[in-house]
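Q: Please take a close look at one part of this structure and then set it in its surroundings. I should like the terms defined as they arise.

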Amino acid sequence: MPELPEVETIRRGLERGLPGKRVERAEVRCDRVLLKPDAATFERELQGQSFKAPGRHGKFLILPLERHTLLVHLGMTGQITLRDPDQPDHPFERLPVTGLQRTSQHPVDAHTHIVLHFADGHQLMYRDIRKFGKWRLYRPQELARAPELKRLGPDPFTPAYRLESFQAALKRTRRNVKAALLDQGVVAGVGNIYADEALFRSGIRPTRRGVSLTRAELERLFTAVREVLELGIQNRGTTFSNYRDAEGRSGSNQASLQAYGRYGQECYGCGGELKRSTVGQRTTTWCPRCQH
DNA sequence: ACCTCGACCTGGGCGC
DNA sequence: TGCGCCCAGGTCGAGG
């Protein structure tokens with residue numbers, strides 16, 4: 001589900017409500033391995049700690065506490081909500097394609113796998129239909145060596161995202177450029193939606209080999225990646241199905257998409273028909289006339 | 001180093 | 001109504 005803009009939108013929501021919240025009890029309700037260490041350790045270690053301001057790198061939420069830092073990856077369908085006991089719960093809505101989705105705060109349901117009960121009565125709810133999400137608890141000295149973060153390339157909204165290293169990473173690979181963009185070690189935070197958008201915006205065919213890209217193309221792509229992500233953040237994320245922000249709202253960026261999911265429709269650039277194919281094992285939409 | 005495939009999961013849509 | 005198949009904002013490891 002969530003790519004960088006969706007995770008950033010959730011982070012901003014958490015920034016308003018999470019800092020200072022003290023965990024009175026952590027409740028792990030899932031049967032499967034979603035978290036490390038094990039559920040018992042997780043529940044014991046979190047107890048009594050307060051959250052500080054949330055951060056993000058690529059698609060990872062970085063949630064510092066007093067004695068640990070929590071890394072959260074939402075996978076395809078992860079949702080985080082803060083629940084206020086004084087506000088009414090909202091029933092789930094049955095939506096086409098998505099199935100049962102929350103619209104604002106919700107009670108525990110079959111897909112709610114983690115509940116953090118705070119001292120002030122509020123709760124953090126983690127809901128994840130497909131259970132591809134991951135929670136990892138690290139001590140400060142372990143965080144720098146955390147494999148999840150070590151694998152990540154620069155986040156496009158930090159100074160570490162530099163044209164020179166971006167170019168070098170793409171020029172040295174014979175993989176197609178779409179696969180390279182999806183590689184979180186090249187740039188952290190791009191997924192299937194924003195990869196298609198960035199390639200469309202920069203006029204580059206998803207099947208082009210990294211090594212074949214000209215300097216001008218790489219410069220356009222470098223900029224386009226940040227632009228499409230920025231637009232996604234401004235629109236509070238893209239919602240096709242499961243994605244909701246920390247308050248349960250959908251994003252609106254789907255209305256701004258120029259390529260992703262628009263196969264068979266008219267290209268906004270040339271009026272021709274957008275094509276669909278599989279590139280890097282992912283469904284890809286592109287314009288045969290505008291992208292070279 | 002890179003590619004492809006399958007695995008991990010659930011649920012909705014569609015065709016028969 | 002039901003079944004089987006396809007699809008989905010993501011990653012990971014195995015094997016070639």
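A: The answer below begins with one strand, follows the chain outward from it, and then turns to other parts of the model.

The model is predicted, and local features are given only where pLDDT is at least 70, side-chain atom pairs count only at pLDDT 80 or more, and totals for chains, interfaces and linings use all residues. Residues are numbered from 1 along each chain as its sequence is written, while chains are lettered from A and ligands numbered from 1 in the order in which they are written.

The part chosen is strand E10, which covers residues 123–128. Helices (H or I, at least four residues) and strands (E, at least two) are DSSP runs numbered from the N terminus. Six of the six residues of E10 are buried. A residue is buried if 20 or more other C-beta atoms, placed from the backbone, lie within 10 Å of its own, exposed if 12 or fewer do, and partly exposed in between. In a regular strand the side chains alternate between the two faces of the sheet. In E10, one side carries Gln123, Met125 and Arg127 and the other Leu124, Tyr126 and Asp128; all of these are buried, and both faces are thus covered.

E10 pairs with strand E6 and with strand E9. Two strands count as paired if DSSP finds at least two bridges between them. E6 and E10 run antiparallel and are joined by six bridges; in this pair, Arg83 is bridged to Gln123 of E10. Strand E9 (residues 112–118) is also antiparallel to E10, with five bridges, and here Val115 has Met125 as its bridge partner. E9 and E10 form a hairpin with four residues between the strands, where Gly121 has a positive phi near 95°.

Beyond E10, the chain enters the loop that leads to strand E11 (134–138), and Lys131 is found in this loop. Lys131 has a positive phi near 60°, although it is not a glycine. Lys131 counts as partly exposed because it has 17 C-beta neighbours inside 10 Å. A second loop, between strand E5 (69–73) and strand E6 (78–83), holds Gly75. Leaving aside neighbours within four places in sequence, Gly75 is in contact with Asp128, Arg130, Phe132, Gly133 and Lys134, where contact means that the C-beta atoms, placed from the backbone, lie within 7 Å. Gly75 is partly exposed, since 17 other C-beta atoms lie within 10 Å.

E11 also belongs to an open sheet of five strands with mixed pairing, in the order E2-E11-E5-E4-E3. Strand E2 (35–36) and strand E3 (55–57) stand at its edges with a single partner strand each, so one side of each has no neighbour in the sheet. E3 pairs with strand E4 (residues 60–64) in the antiparallel sense over three bridges, and Arg56 has Leu61 of E4 as its bridge partner. E4 also contains Leu63, which is buried because 24 other C-beta atoms lie within 10 Å. Not counting residues up to four places away in sequence, Leu63 touches Phe51, Pro54, Thr69, Leu70 and Val72. After E2, in the loop leading to helix H2 (39–46), comes Pro37; the peptide bond between Lys36 and Pro37 is cis, with omega about -5°.

A different part of the model lies beside DNA. DNA strand C is surrounded by 22 residues, of which the closest are Gly191, Asn192, Phe240, Tyr243 and Thr283; a residue is near a molecule or strand if its C-beta atom, placed from the backbone, lies within 6 Å of it. Helix H7 (192–202) and strand E13 (282–286) each supply at least two residues of this surface. By class, the surface has seven nonpolar, nine polar and six charged residues. Here Ala, Val, Leu, Ile, Met, Phe, Trp, Tyr, Cys and Pro count as nonpolar, Asp, Glu, Lys and Arg as charged, and the others, Gly among them, as polar. In the loop between strand E12 (275–279) and E13 lies Gln281, which has a positive phi of about 65° without being a glycine. Gln281 counts as exposed because it has 9 C-beta neighbours inside 10 Å.

Methods. Contact = placed C-beta atoms within 7 Å.
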